[in-house]
Amino acid sequence: MKKLFFSLFIPTILFSQQWKIDSLFKRADAIKRQSKNFFLDTDFVNTLNHLAWELQYNDPDTALYFVRQSLPLAQRTNYKTGIANSYNALGSIYAGIGENDTALIYYRKCLGIRDELHDEK
């Protein structure tokens, strides 16, 4: 019974995650096509951060690529929530690959901004 459950359940999870990642890629592409100043768009920053979050376990290198794009864009526009989300994603990615000291640095940066924003996430 356990084998049947896992053989039905695991592919469903993997398919739904891939669908979400594909959807985020399409969203980022649409934002780029709609505006010449897409790099100033907070929705673009959020989409890159969501991509990083979704990819962090299966493809941490690609997740780092996206979050390293989102962080400078958020900083350029002083989008504090986007900066905090980028730092949180970086912390999670580095924790996932076993670089706990680096993860802690980014988690602390995230916490500092969230405290400043009175965000209790």
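Here are four short exercises on the predicted model above, each with a worked solution.

The model is predicted, so local features need pLDDT of at least 70 and side-chain atom pairs count only at pLDDT 80 or more, while totals for chains, interfaces and linings use all residues. Residues are numbered from 1 along each chain as its sequence is written, and side-chain values use heavy atoms, with hydrogens and water left out.

**Exercise 1. Work out which secondary structure elements the protein chain holds, and what share of its residues is buried.**

Solution. Start with the elements: helices (H or I, at least four residues) and strands (E, at least two) are DSSP runs, numbered from the N terminus. The protein chain has 5 helices and 0 strands, giving the pattern α-α-α-α-α along the sequence. Next comes burial, where buried means under 20% relative accessible area, exposed over 50%, and partly exposed in between (1.4 Å probe, protein chains only). Of the 121 residues, 33% are buried. Finally, take contacts (heavy atoms within 4.5 Å): among those with a separation of 6 or more, 49% join residues 24 or more positions apart.

**Exercise 2. Find which residues touch the most other members of the largest nonpolar core, and which helices supply it.**

Solution. A nonpolar core is a set of buried Ala, Val, Leu, Ile, Met, Phe, Trp, Tyr and Cys residues joined through side-chain atoms within 4.5 Å. The largest one has 28 residues, and Val-67, Tyr-87 and Leu-90 touch the most other members. Helices H1 (2–34), H2 (42–55), H3 (60–76), H4 (80–96) and H5 (100–117) each supply at least two residues of this core. Now zoom in on Leu-90: leaving out residues up to four places away in sequence, Leu-90 touches Leu-64, Val-67, Leu-71 and Tyr-106.

Then turn to H2. This helix has 14 residues and reaches 20 Å from its first C-alpha to its last, close to the expected 20 Å; the expected span is 1.5 Å times one less than the number of residues. In H2, 10 of the 14 residues are buried, so the helix is largely enclosed by the rest of the structure. One of its buried residues is Phe-44, with a relative accessible area of 4%. The C-alpha atoms of Phe-44 and Ala-28 are 6.1 Å apart, with their positions 16 residues apart along the chain.

**Exercise 3. Describe how the rings of Tyr-94 and Tyr-106 are arranged.**

Solution. Rings of Phe, Tyr and Trp (its six-membered ring) pair if their centres lie within 6.5 Å; planes under 30 degrees apart count as stacked, over 60 as edge-to-face and the rest as tilted. The structure holds 3 aromatic pairs. Tyr-94 and Tyr-106 are stacked, at 5.8 Å centre to centre and 10 degrees between the planes. Tyr-94 is in helix H4 and Tyr-106 in helix H5, so their pair ties together parts 12 residues apart in sequence. To finish, add Tyr-87, which forms one aromatic cluster with Tyr-94 and Tyr-106.

**Exercise 4. Which helices does the salt bridge between Glu-54 and Lys-20 tie together?**

Solution. A salt bridge is a side-chain nitrogen of Lys or Arg within 4 Å of a carboxyl oxygen of Asp or Glu. Glu-54 and Lys-20 meet at 3.3 Å, N to O. Glu-54 lies in helix H2 and Lys-20 in helix H1, so this pair links parts 34 residues apart in sequence. Now check accessibility: Glu-54 is buried at 16%, whereas Lys-20 is partly exposed at 41%.
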